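Me: I've just opened this one and don't know where to start. Can you walk me through it?

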Amino acid sequence: MQMYVEVKWDWGSTSFLEETRRVATMSVLVQRPTTIPNGPGIPENAPEHCPGPESELAGKSDACAGCANQEICASSKPKGPDPALQFIKERMSLVKRKILVLSGKGGVGKSTFTAQLGWAFATDENLQTGIMDVDICGPSIPTILGIANEQIHASSTGWSPVYVQDNLAAMSVGFMLPSSKDAVMWRGPKKNGLISQFLKDVDWGELDWLVVDTPPGTSDEHLSIVQYLKESGIDGAVVITTPQEVAIQDVRREIDFCRKVGIKVLGVVENMAGFVCPGCKTESQIFKPTTGGAKKLAEEMGIELLGSVPLDPRIGKSADYGVSFLDEYPDSPATKAYMDIIQRLRDKLD
């Protein structure tokens with residue numbers, strides 16, 4: 001028997017998983033929330049811009065003025081370790097490989113590469129692959145994978161990711177928004193809380209690959225994913241760039257971030273590296289590598305250039321329609337470049 005109920009979202013008290021365990025049903029349908037939930041540890045009566053009890057500004061910021069919890073948050077009482085870390089460690093013990101897809105610059109093709117990487121891994125029916133989208137303010141993975149209209153389900157074992165196919169699943173805040181037009185206006189604590197729940201409450205099961213799509217920069221989401229996966233271990237990061245210096249200068253900072261937090265950089269991928277005309281086969285440089293492009297960057301930073309992917313307008317079309325570019329256009333030079341890069345990653349990690 002299958003029963004559907006509306007779940008009350010209350011992230012300030014018990015966890016979602018604890019609530020669902022009290023529901024004696026085979027499956028529970030999680031309704032899309034109409035209000036933005038608070039992160040773990042943030043009281044229900046907290047002000048809108050609460051920095052969170054774990055923040056250095058707890059009880060001290062302007063938003064704390066008049067809050068009933070201000071004195072408690074501002075106290076110097078030492079805080080214990082995050083209780084979520086143990087649950088995350090247990091969940092992630094079933095995941096063999098964890099890869100981050102990073103870039104200091106937005107619009108360079110991180111999410112597109114993440115999706116192609118997931119689809120490529122899933123071509124092996126014996127492998128289970130998961131994609132976790134922690135780009136909370138700009139979740140595009142649901143659209144690229146063709147599952148934008150799906151909803152999250154849960155059972156007594158936790159949230160179930162949305163399945164693209166039998167061996168490829170995804171989780172994203174995009175599944176939780178009332179509509180694709182709704183902006184996510186969250187400060188750090190709420191972002192951190194959601195990432196924590198993606199790791200500890202999502203029933204990923206046994207995975208061969210977990211690919212994490214991140215937003216641009218080196219901020220809250222990046223620090224959170226590194227902190228939460230510290231004990232479980234991150235196998236490495238793939239850094240995405242485009243040829244022009246305006247992108248590469250930010251990618252240098254991303255590589256520096258990886259080194260400071262102890263993440264191994266598996267290599268750099270150069271997207272939009274030239275355009276091959278489908279008619280005459282002539283290659284043109286749309287974004288000229290004025291300072292040497294990704295090749296020069298890799299040499300400077302002492303990392304491997306995994307490969308360069310040429311522009312193909314059908315990549316964008318495939319992303320809009322939610323289909324695998326690799327499957328739809330196997331003869332494209334971009335497909336060959338993708339597959340060579342993915343094979344190199346497999347060789348490095350296997």
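Reply: What follows is a short tour by question and answer. Keep in mind that this is a predicted model.

Me: Okay. Let's start with strand β8. How many of the 7 residues of β8 are buried?
Reply: 7 of the 7, across residues 207-213. So the strand is largely enclosed by the rest of the structure.

Me: Which strand pairs with β8 over 6 bridges?
Reply: That is β2, residues 95-102, and the pairing is parallel. One of the bridges has Arg97 with Trp209 of β8 as its partner. Strand β3, residues 129-133, also runs parallel to β8, joined by 5 bridges. There, Met132 has Val212 of β8 as its bridge partner.

Me: Switching to rings. How many aromatic pairs are there?
Reply: The structure holds 5. Take Phe121 and Trp209: their ring centres are 4.1 Å apart and their planes are at 10 degrees, so the pair counts as stacked.

Me: Where do Phe121 and Trp209 sit in the chain?
Reply: Phe121 is in helix α4 and Trp209 is in strand β8. They are 88 residues apart, so this pair links distant parts of the chain.

Me: And is Trp209 buried or exposed?
Reply: Trp209 is buried, at 4% relative accessible area. Phe121 is buried too, at 0%.

Me: What about Trp159 and Phe198, how are their rings arranged?
Reply: Edge-to-face, with 6.2 Å centre to centre and 70 degrees between the planes. Trp159 belongs to strand β5 and Phe198 to helix α6, 39 residues apart. Trp159 is buried at 1% relative accessibility, and Phe198 is buried at 1% as well.

Me: Which residues make up the ring cluster?
Reply: Phe113, Phe325, Tyr329 and Tyr338, linked by ring pairs.

Me: Back to α4 for a second. What does Ser111 touch?
Reply: Ser111 is in helix α4, residues 110-122. Leaving aside neighbours within four places in sequence, Ser111 is in contact with Ser140, Ile141, Ile144 and Asp213. Ser111 is buried, with a relative accessible area of 11%.

Me: New topic: helix α9. Which of its residues are buried?
Reply: Gly293, Ala294, Leu297, Ala298 and Met301, in a helix that covers residues 293-301. Seen down the axis of α9, they fall within an arc of 145 degrees, so they line one face.

Me: Why would buried residues spaced like that point the same way?
Reply: An α-helix has 3.6 residues a turn, so residues three or four places apart point the same way.

Me: What's on the other side of α9?
Reply: Lys295 and Glu299 are exposed there. As for the buried residues of α9, what covers them includes β9, α8, β10 and β12. After α9 comes Gly302, with a positive phi near 70 degrees.

Me: Last topic, cysteines. Which ones does UniProt list for "binding site"?
Reply: The unreviewed UniProt entry lists Cys50, Cys64, Cys67 and Cys73. They are spread over 24 residues of sequence but cluster in space, with a largest C-alpha distance of 10.7 Å.

Me: Where are Cys64 and Cys67?
Reply: Cys64 is in the loop between β1 and α2. Cys67 is in the loop between β1 and α2 too. Cys64 is buried at 7% relative accessible area, and Cys67 is buried at 16%.

Me: How many disulfides does the model have?
Reply: The count comes to 0. Elsewhere, Cys258 is buried at 0% relative accessible area, whereas Cys137 is partly exposed at 45%.

Note on methods: Residues numbered from 1 in each chain as written. Predicted model: local features only at pLDDT ≥ 70, side-chain atom pairs only at ≥ 80, totals over all residues. Heavy atoms only, no water. Helix = DSSP H or I, 4+ residues; strand = E, 2+ residues; numbered from the N terminus. Buried < 20%, exposed > 50% of the residue type's maximum accessible area, 1.4 Å probe, protein only. Contact = heavy atoms within 4.5 Å. Arc of directions from axis to C-beta. UniProt positions renumbered as here; feature names shortened; annotations may be inferred. Pairing = 2+ DSSP bridges. Disulfide = S-S within 2.5 Å. Phe/Tyr/Trp six-rings, centres within 6.5 Å; stacked < 30°, edge-to-face > 60°.
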